[in-house]
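Let's take a friendly walk through this model, one region at a time. Have the sequence and the 3D view at hand as we go.

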Amino acid sequence: MTKKNTHFVCQMCGASHPKWTGKCDSCNSWNSLLEERLPESLPKGLGTKKGNQISLFQLDGLEKQPYRWLSEISEFDRVTGGGLVSGSAILVGGDPGIGKSTLLLQVAAKMSEKNECVYISGEEAIDQIRLRAKRLRLSNAKIELAAATSVRDICRTLEEKNTLRLVIIDSIQCMYVDSLDSTPGTVSQVRTSAQEMVRLAKRKGFAIILVGHVTKDGSIAGPRVLEHLVDTVLYFEGDRSNQYRILRSVKNRFGPADEIGVFEMTEGGLGQVTNPSALFLNEYDEQISGASVFAGIEGTRPVLVEIQSLIAPSSQGAPRRAVIGWESSRLAMLLAVLETRCGLGLASSEVYLNIVGGLKISEPAADLAVAASLISSITEKPAFSKTVIFGEIGLSGEIRTVSQISARLKEAEKLGFTRAIIPFEKKPEKKKSRYSGKIEINEIKDLKSFLSLLTEVP
Ligand code: TYD
Ligand code: MG
């Protein structure tokens, strides 16, 4: 029987359940509930005691720009929206082993050239961090190190410092508050530890970076339970078998969200990749069929990516559809539109789609480039050479316009592309503002005219 003073908390999303179930009703993750003790006293409401009066302000007062510190690792600074803001809290989430500690040690080393930085590790001993620093050739950096897990001790130590600019906590799932009964890594420990340290950061004016491991099985609380507590949420993504890593901002109170920074994991740590388009374009062979180049926007930056597809006959009733880096529901929609509006029957074929370089695309603007790659795969004819493609496809087969056309075209020109297939724009004034470069532009209105363009390819 369940004890009365405990409840079951989902370690992925933090939802509370009175009974154990295999699946969390709130976030649908499996096997993520863990029994935790209920707080000693439940909130009782305000009662009769009066509070103090708070002051209310006008919107147009004198605003004080928050102070920012640059790490001078430009890929990192861009993702944070132009440097770390004083008193702000940043969560850096990612799979174990992806490179979070490496990245943050590099950031701390750079920052410590001009500012006081503290790096607190709950996972590694001081000597292990020193070894890593040696490998990264950062042994001379003026970082102050500690191996600690007690939030009470950490706060006490940080409280005494007055010129502190940056604190890194690696990782928040190791930290514990001794007044709570639950073990480190549970939702209540992770939340309370983060709250205490973030409050201290706001009061003392230093920036705090919390590292959070993403775990699939829910054995420790995931970074999602902290997202609302911090100002900025960054995820470090990538495939461990591939050397490229992407740092992506999914929430940022001090800058644009969805910004990406691209890094390369090398022997000597993470290096910056300042021209990611070159990375996501395969050594582009003009002769292959089933490939096209999409000019996308990631955050504020244009990025060219290659899209590859393969169509194979299938003997099964429900042929396989596999997608890497794009939404599979979007592919299903696109296949239905191609079938209904253009008569391209793919119902009995297996379809595989891959975004080269491990990038994840979420823009509908990729529709047209995906369609080009699929059509080229069916016809087994290479698509256009030296051409970038973008545009959203509507359900009736119309091509809809997308944002930031001139930025996409400029990037394509920079990388040596000579032609672009883009959505038709009715308004002449908008057309003019697009672009004045050398690229040949084909504007198209619907899928039919796109198909006839494709058939022109010899
Ligand atoms: P780490 O930063 O410890 O990951 P996390 O903190 O996210 O768990 O990175 C671990 C991986 O990075 C490990 O597999 C080794 C690799 N690595 C390098 O390839 N080069 C390096 O210079 C360093 C320090 C690590
Ligand atoms: Mg680590």
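Keep in mind that this is a predicted model. A good place to begin is strand β12 (residues 244-252), which is joined by five bridges to strand β13 (residues 260-266), the two running antiparallel. To find the pairing on screen, look for L247, whose bridge partner in β13 is G261. From β13 you can carry on to strand β14 (residues 269-272): these two also run antiparallel, with four bridges between them. Here T266 has G269 in β14 as its bridge partner. Two residues separate β13 from β14, and the two strands form a hairpin.

Now let's turn to the nonpolar interior. The largest nonpolar core holds 60 residues, and W326 and F450 have the most contacts inside it. Helix α8 supplies the largest share of this core, with seven residues. Another core, of 32 residues, lies apart from it and includes I172, V187, L200 and I208. If you centre the view on W326, you will see that its contacts farther along the sequence include L331, L334, L353, I355, I361 and V370, and also E363 and D367.

Our last stop is S373, which sits in helix α8 (residues 367-379). Is S373 buried or exposed? With a relative accessible area of 0%, S373 falls under the 20% cut-off and is therefore buried. Its side chain has a polar atom 3.2 Å from the backbone oxygen of G290. Beyond four places away in sequence, S373 touches G290, A291, S292, I307, Q308, S309 and L353. L353 is also among the residues that W326 touches.

Note on methods
Residues are numbered from 1 along each chain as its sequence is written. Chains are lettered from A and ligands numbered from 1 in the order in which they are written. This is a predicted model: local features need pLDDT of at least 70, side-chain atom pairs count only at pLDDT 80 or more; totals for chains, interfaces and linings use all residues. Side-chain values use heavy atoms; hydrogens and water are left out. Buried means under 20% relative accessible area, exposed over 50%, partly exposed in between (1.4 Å probe, protein chains only). A polar contact is a pair of N or O atoms within 3.5 Å; within protein, one must be able to donate a hydrogen and the other to accept it, and residues adjacent in sequence count only if both atoms are side-chain atoms. Contact means heavy atoms within 4.5 Å. A nonpolar core is a set of buried Ala, Val, Leu, Ile, Met, Phe, Trp, Tyr and Cys residues joined through side-chain atoms within 4.5 Å. Two strands pair if DSSP finds at least two bridges between them.
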